[in-house]
Amino acid sequence: MKTTADKITPVTTVSPAYAGIDIGKASLDVSLAGQPPCRYANDPAGRAALLTALKKLPQPLQVICEPTGGYERDLLAALWAANLAVSLVHAARVRAFARAQGRLAKTDPIDAVVLRQFGEVFTPAPLAAPAVERERLAALVQRREQVVDLLAMEDQRLAQSRDKAVLKLGQRLRKTLVRQLEELDRLIAAQIADDATLHRQSERLQAVKGIGPVTAATLLAAMPELGTLSRGEAAALSGLAPYNHDSGAHKGRRTIHGGRKQVRRVLYMAALVAARYNPILKAVYDRLVADGKAKKLALIALMRKLIVLLNHLLKNPNFKLA
């Protein structure tokens, strides 16, 4: 007679092999276990050759790389199209991991090896391929932010200019930037309106006083995970989670760091508005200030409450604001 234990089939999981890829503007340095690092060109032919080589390896395979300000985009798109798992890991974490191993030298092949080893030790989760609509929204929002920064710099230059010819040229450039900003606002609004999910989420976010169209668009573009996170994850991903600095009897000041600057930037402006016009958050802000909190710290607390609330709203479509 078979016992219950005899009927249980053990579940086996296959751990992926890891490939570390250090991404440069012109080259891709690749590290695989048991092999010396090799290099491919970061162009269509080089990426195609790399994918062919990766596909021949025992599967499952997971690629580990770092964000590089844009040079990684074509590689990521090619990896996703080939159904290969890929993780983007924070460069500071990888560098700290290298130092912990005693690796003080830094070259592209060494970085590829460290990335592979980081994957083997920490097994980071694969990054899901973004939807085309969100990718386009992210590109538009990023360009809008760049134009806003250019306008601020141009305004500063104009305020310091005295030569009439220079002033005229600066004013002409400023008008061009303003027109581009207006065009970007139209394109962003159209992109959100054309996608049912983005439109619904944008309306949901803007139901909170203090959140306008620009803030909603930025959050949807720069933080696509919003609505799937826990409270702590939402705060940490936006760089608003306070971290302790304690040692023994010493209780250090808690500080925030890391996270996504784009998100934190728009949340700061949203918190300024909410502190004046959102009755619930204004009461929180006033109480914190009355309790002796510095105004800036009170605003950061408000930013954290905002991102937690916004995440909750997207996570629970039936939840109604008071």
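Hi everyone, let's begin with a turn in the chain: a hairpin of three residues links strand S1 to strand S2. Please keep in mind that we are looking at a predicted model.

S1 covers residues 17–23, and S2 covers residues 27–32. The two strands run antiparallel, with five bridges between them; one of the pairings puts Gly20 opposite Ser31 in S2. S1 also has a partner in strand S4, residues 61–65. That pairing is parallel, with four bridges, and here Tyr18 is matched with Gln62.

So is S1 buried or exposed? Six of its seven residues are buried, so the rest of the structure largely encloses this strand.

Now let's move along to helix H6, residues 132–160. With 29 residues at 1.5 Å each, H6 should span 42 Å, and the C-alpha atoms at its ends lie 43 Å apart, which agrees. Its buried residues include Leu137, Leu140, Val141, Arg144 and Val147. In general, residues three or four places apart on an α-helix point the same way, because there are 3.6 residues a turn. Among the elements covering the buried residues of H6 are helices H7, H8, H9 and H11.

Those helices bring us to the largest nonpolar core, which has 48 residues. Leu205, Leu219, Leu267, Ile307 and Leu310 have the most contacts inside it. Which helix gives the most to this core? That is H13, with twelve residues. As for Leu205, its contacts beyond its neighbours within four places in sequence include Leu219, Leu226 and Leu310.

Finally, apart from that core lies another one, of 20 residues, including Leu61, Leu79, Ala82 and Val86. Thanks for listening!

Definitions and conventions. Residues are numbered from 1 along each chain as its sequence is written. This is a predicted model: local features need pLDDT of at least 70, side-chain atom pairs count only at pLDDT 80 or more; totals for chains, interfaces and linings use all residues. Side-chain values use heavy atoms; hydrogens and water are left out. Buried means under 20% relative accessible area, exposed over 50%, partly exposed in between (1.4 Å probe, protein chains only). Two strands pair if DSSP finds at least two bridges between them. The expected span of a helix is 1.5 Å times one less than its number of residues. Contact means heavy atoms within 4.5 Å. A nonpolar core is a set of buried Ala, Val, Leu, Ile, Met, Phe, Trp, Tyr and Cys residues joined through side-chain atoms within 4.5 Å.
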